[in-house]
Amino acid sequence: MRAATQPTYGPPDDLLPSEVRALITKAFSAGHEWWEPQEFIDLDKLLREEVDRLVPLVRRRAGEVPHRSRDWYACDKAVDAAEYTMRHPVSTGQISGSIHVAELARRIVELFRATAEPDAPVERLDGCDLSGGSS
């Protein structure tokens with residue numbers, strides 16, 4: 001892997017487990033490094049496994065909060081977005097692969113947010129406000 005100068009991305013410390021933070025950081029760094037096609041395939045597999053683990057937890061959370069409440073909609077949106085992203089196969093091109101793994105990483109952060117307590121702090125990741133609010 002040929003590394004280029006890149007910014008340091010910092011997934012939310014207080015929200016994500018360290019293993020997941022490492023996957024997300026790697027996914028967001030994909031656009032700043034030259035990756036072999038197999039690297040995209042390997043990371044895609046790990047990210048998909050994490051999405052598959054989180055979706056049932058978010059669905060369970062949706063069943064615990066008042067129907068049609070803000071938290072319910074956050075869960076519903078997170079699951080829908082994750083399932084939509086998971087329909088797309090991995091791409092091994094430098095640009096398309098980078099976009100793909102970054103999108104899977106964003107979906108993981110959104111799924112974690114849907115399971116978080118309502119007063120959890122709002123972080124910014126990769127320059128995108130993942131709280132759903134405006135910048």
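This passage describes the overall fold of a predicted model and the packing of its helix H2.

The protein is built from four helices and four strands. Read from the N terminus onwards, these elements follow the order β-α-β-α-α-α-β-β. Of the 135 residues in the protein, 42% count as buried. The exposed area comes to about 7700 Å², and carbon and sulfur atoms supply 54% of that surface. Among contacts with a sequence separation of 6 or more, 67% link residues that lie 24 or more positions apart.

Helix H2 is a convenient place to begin a closer look at the packing. This helix spans residues 37-64, and helix H4 covers residues 94-115. The two pack at an angle of about 25°, with 9 Å between their axes. Because angles under 35 degrees count as roughly parallel, H2 and H4 are described as roughly parallel to each other. Their crossing is left-handed. Sorted by class, the residues in the contact of H2 with H4 comprise 14 nonpolar, five polar and five charged ones.

Helix H3, made up of residues 70-86, also packs with H2. Here the angle is about 155°, and the axes of H2 and H3 are 9 Å apart. An angle over 145 degrees counts as roughly antiparallel, and H2 and H3 are therefore roughly antiparallel to each other. H2 passes H3 in a left-handed crossing. On the H2 side, the contact is formed by Arg-48, Val-51, Asp-52, Val-55, Val-58, Arg-59, Arg-61 and Ala-62. Their counterparts in H3 are Asp-71, Trp-72, Cys-75, Val-79, Ala-82, Glu-83, Thr-85 and Met-86. By class, the contact of H2 with H3 holds nine nonpolar residues, one polar residue and six charged residues.

One residue of H2 deserves a separate word. Glu-39 is found in this helix and has a relative accessible area of 19%. Since buried means under 20% relative accessible area, Glu-39 is classed as buried. The C-alpha atom of Glu-39 lies 8.3 Å from that of Thr-92, although the two residues are 53 positions apart along the chain.

Taken together, the two helix pairs show H2 running roughly parallel to H4 and roughly antiparallel to H3. The crossing is left-handed for H2 and H4, and left-handed again for H2 and H3.

Methods:
Residues numbered from 1 in each chain as written. Predicted model: local features only at pLDDT ≥ 70, side-chain atom pairs only at ≥ 80, totals over all residues. Heavy atoms only, no water. Axes fitted to C-alpha atoms, helices over the stretch in contact; angles between N-to-C directions. Parallel < 35°, antiparallel > 145°, perpendicular 65-115°, else oblique. Left-handed = near helix turned anticlockwise from the far one by under 90°. Nonpolar A, V, L, I, M, F, W, Y, C, P; charged D, E, K, R; others polar. Buried < 20%, exposed > 50% of the residue type's maximum accessible area, 1.4 Å probe, protein only. Contact = heavy atoms within 4.5 Å. Areas by Shrake-Rupley, 256 points an atom, 1.4 Å probe, with all protein chains shown as cover.
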